[in-house]
Each structure stands twice: as structure tokens, then as C-alpha cells.
Amino acid sequence: MKTLDNIIMQRQSTRVFTDEVPTKELIEQIVEAGRLAPYAGIVQQRRDSFRHFFAVSRENPIMQPIMKLVEESRVEIVDEAHAAGMDERWPEMVKVLDMLYRKSADDMAAAPWLIIIAEQAGVPQREQVCLGHVMENMWLKATELELGAKPSSGIADIRDKAALCTLLGLDSEEDYAFDALSVGYPKIPLTTRDGERKPLPSMRWFE
């Protein structure tokens, strides 16, 4: 059995997947790990339902309108960066944005499954923090199951949240934050990537 340290060291972003489709039982295990992630108790204590998961097959027709929402939002983000003069202050960053965001959002369908998470907003707003907990739990669980996973941040970029809510069957009048994880079998088996660039150790004690 893998230890948590092993799983943390092995966790990585998978960008190329095989055509083999993970079973629904495996996806449900990953979703369950996300469901058990911490949430903002004060905000959500009077709600019975505030965290929702959607497992979308890349073959399902709903994937196309989701990708369209991502593409529209990405173009808006790049246009806003140019309008704010960021191409003059940070030309390399905007150049990368232009290259990555002015193209098809087919990365949303890179893996057999796209797991979308919706976390209902509250006051004070903690939904984005909670989504981070959910994503990490799911990613580590996928690693334990020897599945590849990749955050699909295009879902978080979607500006028209009401349209996304409608596609997913959520109340479009409610305020949700979204994120997503692509999941499938990695084309290159997961290994501990000791040579990968990581933040340098930085810790100070105030005793």
C-alpha cells in the first residue's frame, strides 16, 4: 500500500492519456475523496447541498458547449490583458496567453473523463479555497489509483457561469465557483519525478 508521502511525490500533471476509459467505480472513488474535503462550515452550515460533482465523458454532446464557453472566456481574458497594456509591461506573459488562449479548448477533452466541481458561494467568500481542497484530494486519490489527472483550469475561467449552471442542471440564479479535473490512464506511467522543478525550501521559525 502506498504511503501518503509516496503519493505526494508521485502526483503530477498528466497531459497525454490512453484511450482506455476508467470505470465509473474508479471515478466515484475520486469524487468521494473530493466530497470529503474541508468546506467553509459557517457559510454552509444551514445548507444541505452546496458541493456538486459532474463526471462528463469526452464523448458526451455537452462537452462541445462547455468548450465553447471556455473559448469565449479565454478570448476575453487575452483581450483584457491587451487593453490594460500588459503586453507592454509583461510582453512574454501576454505572448504566452495569446498562444494558449486563442485556440480551441480541446484540452477540456484530453482525457476520457472531465470531473467538474461546483462549490456554492457564501459570505464570507471561501468557495475558491474550498475548491482547492477538493481538487487536491481528488488529484491525490487519482494518483493512488494509478490514474493520470490534470487540473482543467479552463472551467474556472468561464465568465458566463449562468450558462454553465444551465448546462449542468444547476440553478442559474445561484452563485457558484467552478473547477475541474481531467482523469484517465496516463500514456506514460506515473513515476516519482525527482528532477522536476519545485519551490526551494523556505521556512522561518518564530519561537
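Which helix does Thr143 lie in? In this predicted model, Thr143 belongs to helix α7, the run covering residues 127-144. With a relative accessible area of just 1%, Thr143 is buried. A polar atom of the Thr143 side chain sits 2.9 Å from the backbone oxygen of Trp139. Setting aside neighbours within four places in sequence, the contacts of Thr143 are Lys2, Ile7, Gln10, Arg11 and Leu190.

One of those partners, Gln10, is worth a look in turn. Gln10 is part of helix α1, residues 4-10, and comes out as buried because its relative accessible area is 12%, under the 20% cut-off. Here too a backbone oxygen is at hand: that of Leu190 lies 3.1 Å from a polar atom of the Gln10 side chain. Leaving out neighbours within four places in sequence, Gln10 is in contact with Lys2, Thr143, Leu190, Thr191 and Thr192. Lys2 and Leu190 thus turn up in the contacts of Thr143 and again in those of Gln10.

Next comes helix α6, which spans residues 91-101. Which of its residues are buried? Val94, Leu97 and Tyr101 are, and they sit on the same side of α6 because they cover an arc of only 55° around the axis. The cover over the buried residues of α6 includes α4 (63-83), α5 (86-89) and α8 (154-157). Turn to the other side of α6, and Glu92, Lys95 and Met99 are exposed.

Met99 also has a part in a nonpolar surface patch of about 270 Å², made together with Val96 and Leu100. Val96 is placed in α6 as well. Is Val96 buried, exposed or partly exposed? At 39% relative accessibility, Val96 counts as partly exposed, since that value falls between the 20% and 50% cut-offs.

Then there is Asp179, found in strand β4 (residues 176-184). The relative accessible area of Asp179 is 17%, so this residue is buried. How far apart are the C-alpha atoms of Asp179 and Val94? The separation is 23 Å, for two residues that are 85 residues apart along the chain. Apart from neighbours within four places in sequence, Asp179 is in contact with Ile115, Ile116, Ile117, Leu131, Met135, Ser152, Ser153, Ile155 and Ala156. Leu131 and Met135, on that list, fall within the 127-144 range of α7, while Ile155 and Ala156 fall within the 154-157 range of α8.

Technical notes. Residues are numbered from 1 along each chain as its sequence is written. This is a predicted model: local features need pLDDT of at least 70, side-chain atom pairs count only at pLDDT 80 or more; totals for chains, interfaces and linings use all residues. Side-chain values use heavy atoms; hydrogens and water are left out. Patches are made of residues with over 30% relative accessible area and no salt bridge: like charges are joined within 9 Å, nonpolar side chains (Val, Leu, Ile, Met, Phe, Trp, Tyr) within 5 Å. Accessible areas come from the Shrake-Rupley method with a 1.4 Å probe; for residues, only the protein chains shown count as cover. A salt bridge is a side-chain nitrogen of Lys or Arg within 4 Å of a carboxyl oxygen of Asp or Glu. Helices (H or I, at least four residues) and strands (E, at least two) are DSSP runs, numbered from the N terminus. Buried means under 20% relative accessible area, exposed over 50%, partly exposed in between (1.4 Å probe, protein chains only). A polar contact is a pair of N or O atoms within 3.5 Å; within protein, one must be able to donate a hydrogen and the other to accept it, and residues adjacent in sequence count only if both atoms are side-chain atoms. Contact means heavy atoms within 4.5 Å. The arc is that of the directions from the helix axis to the C-beta atoms.
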